[in-house]
Amino acid sequence: MASMADMSSSGYSYEEIQSIATNILTHTKHQPKVGIICGSGLGGLADMVEQHDTINYSQIPEFPASTVPGHEGKLVFGLLQGKAVVLMRGRFHYYEGYPMWKVAMPVRVMKAMGVTTLIVTNAAGGINPDFNTGDIMIIKDHIDLPGLTGECVLIGKNDRRFGPRFPATVDTYDEELRNLAKQISVELGYGNIMREGVYIMIGGPTFETVAESRLLRTFGADAVGMSTVPEAVVAKHGGLRTFGVSLITDMVTLDYDKVRNTTHEEVLEVGRRRAGDLQKIVSNLVGQMTV
Ligand SMILES: O=P(O)(O)O[C@@H]1C[C@H](O)[C@@H](CO)O1
Ligand SMILES: Nc1nc2[nH]cnc2c(=O)[nH]1
């Protein structure tokens, strides 16, 4: 694949994406319909997958490498609640130095493999003062801060086979799946920690200053993180149905008298404590959704 895209281009061609997908599918007996991207410390969902085939990213030509602790760098194929899934145990972030198109490129590969529904999970900082650490927030909408400032994942030449030049994003997160997830959460006894809100993406890797957190709040954001939005935008562009969920691993500081440092270790620690709950909700959602 000598002509593969470089940092300055707008991404892999349609043919290159098809070729990457075809190559990956030679490593598995499964034909996934649901794609799941696991957030920081949330890869344990892969342990619930039955009859699994695991492929390291390093085995896949043209696939980026995971460089962040809590992101293992593996694709896991198998059955989750009887449905054929592919999980990314480790995602790519803009702050790792990857261009936006590369961050979201696996979503196009998933679609080329036959995926029709994308589930994105992440660890996020709570901005809404009514939230608590450990809450689970269904993403109702997002703010693409990098996109609004000129780093939209879809910038560059558009190939209509991926999607339209000017995609609408008003309904990126599927209402039916959000309602089903809410119902499942209540049935599982998580009604008291279940929230719904707006996720804002920042480029990272710095956690927010107090002034920045206050600014993000005035924008109407309920939670902040460093991922998810490019993946969801590419999914919407490609006509995939998307569900997004954030684990609130820390509360951002909105008050100069209560300044505290967020750390990635803290994010992973809360992930370790609450990942099981998130996994139950997501696996039940997969089990009950129509594909
Ligand atoms: O991959 P996600 O968005 O879950 O990771 C979050 C955001 C940063 O990558 C990291 C900060 O601790 O966790
Ligand atoms: N930007 C940001 N990303 C996070 N990911 C997990 N927690 C946070 C946070 O507080 N801020």
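This is a guided tour of a predicted model of a protein with its ligands, arranged as a series of selections to make in the viewer.

**Start with the confidence values**

Colour the protein by pLDDT before selecting anything else: the average is 94, and 97% of the residues score at least 70. For the complex, the predictor gives an ipTM of 0.97 and a pTM of 0.96.

**The annotated domain**

Select residues 33-286, the range to which an unreviewed UniProt entry assigns the feature "domain: Nucleoside phosphorylase". Over this range the chain is 29% helix and 26% strand, and the C-alpha atoms at its two ends are 10 Å apart.

**Ligand 1**

Now centre on ligand 1 and display the 13 residues that surround it, of which Gly-39, Ser-40, Asn-122, Ser-227 and Val-267 are the closest. If you colour this shell by residue class, you will find 8 polar residues, 4 nonpolar residues and 1 charged residue. Highlighting secondary structure shows that strand β5, residues 117-126, and helix α7, residues 264-288, each supply at least two residues of the shell.

**Ligand 2**

Move next to ligand 2, which has 15 residues around it, with Ala-123, Gly-125, Val-224, Gly-225 and Val-267 coming nearest. By class, this shell has 8 nonpolar, 5 polar and 2 charged residues. Strands β5, β8 (223-225) and β9 (241-251) each supply at least two of the residues around ligand 2, and the largest share, 3 residues, comes from β5.

**Val-224 and the nonpolar core**

Keep Val-224 selected, since this residue is also listed in the largest nonpolar core, which has 81 residues; Val-85, Leu-87, Val-224 and Leu-285 touch the most other members. The largest share of this core, 9 residues, comes from helix α2, residues 100-112. If neighbours within four places in sequence are left aside, the contacts of Val-224 are Ala-124, Gly-125, Ile-127, Ile-200, Ile-202, Glu-208, Leu-216 and Val-252.

**Thr-228 and helix α6**

Step along the chain to Thr-228, in the loop between β8 and α6, where phi is positive, about 70°, although the residue is not a glycine. Is Thr-228 buried or exposed? Thr-228 counts as buried because 27 other C-beta atoms lie within 10 Å, against a threshold of 20 or more.

Then select helix α6, residues 229-237, which is mostly covered, with 9 of its 9 residues buried. The buried residues include Glu-231, Lys-236 and His-237, along with Val-229 and Pro-230. To see what covers the helix, add β1, α2, β5, β6 (136-144), β7 (194-201) and β9, against which the buried residues of α6 pack. After α6 comes Gly-239, with a positive phi near 80°.

**Two backbone features in loops**

Select Gly-204 and Pro-205 together and inspect the bond between them, which is a cis peptide bond with omega about 0°; Pro-205 belongs to the loop between β7 and α5 (210-218).

Go on to Gln-81, in the loop between β3 (74-80) and β4 (83-89), where phi is near 50°, a positive value in a residue other than glycine. Gln-81 is partly exposed because 17 other C-beta atoms lie within 10 Å, a count between the limits of 12 or fewer for exposed and 20 or more for buried.

**Ala-84 in strand β4**

Ala-84 is found in strand β4, and this residue is buried, with 20 other C-beta atoms within 10 Å. Apart from neighbours within four places in sequence, Ala-84 is in contact with His-30, Gln-31, Pro-32, Lys-33 and Leu-79. Draw a distance from Ala-84 to Ala-65: these residues are 19 apart along the chain, and their C-alpha atoms are separated by 24 Å.

**A last stop at Gly-44**

Finish in the loop between β1 (34-37) and β2 (50-56), where Gly-44 is found. Gly-44 is partly exposed, with 15 other C-beta atoms within 10 Å. What is Gly-44 in contact with, leaving aside its neighbours within four places in sequence? Its contacts are Ala-275 and Gln-279. A C-alpha to C-alpha distance drawn from Gly-44 to Gly-276 reads 7.8 Å, although the two residues are 232 apart in sequence.

Terms used: Residues numbered from 1 in each chain as written. Chains lettered and ligands numbered in written order. Predicted model: local features only at pLDDT ≥ 70, side-chain atom pairs only at ≥ 80, totals over all residues. Near = placed C-beta within 6 Å. Helix = DSSP H or I, 4+ residues; strand = E, 2+ residues; numbered from the N terminus. Nonpolar A, V, L, I, M, F, W, Y, C, P; charged D, E, K, R; others polar. Contact = placed C-beta atoms within 7 Å. Core = buried A, V, L, I, M, F, W, Y, C linked by C-beta atoms within 7 Å. UniProt positions renumbered as here; feature names shortened; annotations may be inferred. pLDDT = per-residue confidence, 0-100.
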